[in-house]
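Subject: Structure for you to look over

Hello,

Here is the structure I promised to pass on. Please open it alongside this note; what I found follows below.

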Amino acid sequence: MNRGIMFKAAIELWPSTVFCGLLLFGTEAALAYVIPTFQGQLSDSLLKIKFLQDFLGAMLGVEITDQLGPEAFLAFPWVHPVVLTTVWAHALLCCTRVPAGEIDRGTADVTMTLPVTRWGLLASETVVWMVAGIVVLLIGLGGNLFGGQFVAPDDRPNAWSMFIIQVNLYALYLAVGAVAWFASTVCDRRGVAMSGVFVVLLASFLVNFLAQFWDVAERIAFLGLLHYYRPIFVLRDDLVPWRDLGVLAAVAAGMWMLAGVVFSRRDICTT
């Protein structure tokens, strides 16, 4: 790893990291306050409505057959589309900088002449990306805790479950970023790499949503990354989702290694 490259990456990434972090903070703060308040306004009979159960179950990625419990509403702030999109956007911004971003800007020839191997360049950028991701999620967690101060203590998740959800979300973040690294190494345009990965993520979200209504989507839901990120199980069962964490970690490691192999072997030219 090269400290100069890491410093350069940190300088270039801090605006997007702060922006995504503040957006996540505001979203989490609002949801952590509004959702428990909304729950309190719903009657028990309304919570038993099949359509409402199916809709919330689709958003949470699980089948809800009984009366909705408090864990469904506590999990909602962490599966809201704005939250997921913000996390994904930050991963895509970080992980498409090299090499697709450098090629797009016409600076790849200069970057490649630095006294560091391509594996070293990738590793240096990866360290900064991983740290930046932790910063974004911590800011988002702070927003959730801030919003939770204005509701009853019983409407807040316990500290252990919150920690596990953050670990699971970070594993999802790493998997998305690793896929973006691979897309960046096979594309010459940053916009193409980002768009391709985002389409895949939206497809995963759609399949995960439709799996509660459509048998075909249910059979292929395991192919999507969101199938392995379901906070409601953590809140309901108070268990660590080792299988989901393992799958996401394997995807992250595998795609990152594949990106490194392609990056180290491909010809790069900006002219």
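A residue counts as buried under 20% relative accessible area, as exposed over 50%, and as partly exposed in between. Keep that in mind for what follows. Note also that this is a predicted model.

Surface patch. By those cut-offs Val34 is partly exposed, because its relative accessibility is 43%. Val34 sits in helix H1. It belongs to a nonpolar surface patch together with Phe25, Tyr33, Phe38, Phe146 and Phe150. Their combined accessible area is about 580 Å². Helix H1 (residues 3-41) is the top contributor to the patch, with 4 residues.

Overall make-up. The protein has 13 helices and 0 strands. From the N terminus on, every element in the run is therefore α. Of its 271 residues, 48% count as buried. The exposed area is about 13000 Å², and carbon and sulfur atoms supply 69% of that. Take the contacts between residues at least 6 apart in sequence: 82% of them join residues at least 24 apart.

Core. The largest nonpolar core holds 65 residues. Trp129, Leu172, Tyr173, Trp181 and Tyr229 have the most contacts inside it. Helix H9 (residues 159-186) gives the most to this core, with 15 residues. What does Trp129 touch, leaving aside residues up to four places away in sequence? The list is Ala91, Cys94, Cys95, Tyr173, Leu174, Gly177, Ala178 and Trp181.

Helix H13. This helix covers residues 242-265, which is 24 residues. At 1.5 Å a residue it should span 34 Å, and its end C-alpha atoms are 34 Å apart, so the two agree. Its buried residues are Asp244, Leu245, Leu248, Ala252, Trp256, Ala259, Gly260 and Phe263. They pack against helix H6 (97-105), helix H7 (108-112), helix H8 (118-148) and H9.

Backbone points to check. Two spots deserve a look. Val98 and Pro99 are joined by a cis peptide bond, with omega about -5°. Pro99 lies in helix H6. Asp238 has a positive phi of about 55°, yet it is not a glycine. Asp238 is in the loop between helix H12 (231-237) and H13. Is Asp238 buried, exposed or partly exposed? Its relative accessibility is 41%, so it counts as partly exposed.

Best wishes

Methods. Residues numbered from 1 in each chain as written. Predicted model: local features only at pLDDT ≥ 70, side-chain atom pairs only at ≥ 80, totals over all residues. Heavy atoms only, no water. Patch = residues over 30% accessible without salt bridge, like charges linked within 9 Å, V, L, I, M, F, W, Y side chains within 5 Å. Areas by Shrake-Rupley, 256 points an atom, 1.4 Å probe, with all protein chains shown as cover. Salt bridge = Lys/Arg side-chain N within 4 Å of Asp/Glu carboxyl O. Helix = DSSP H or I, 4+ residues; strand = E, 2+ residues; numbered from the N terminus. Buried < 20%, exposed > 50% of the residue type's maximum accessible area, 1.4 Å probe, protein only. Core = buried A, V, L, I, M, F, W, Y, C linked by side-chain atoms within 4.5 Å. Contact = heavy atoms within 4.5 Å. Expected span 1.5 Å × (residues − 1).
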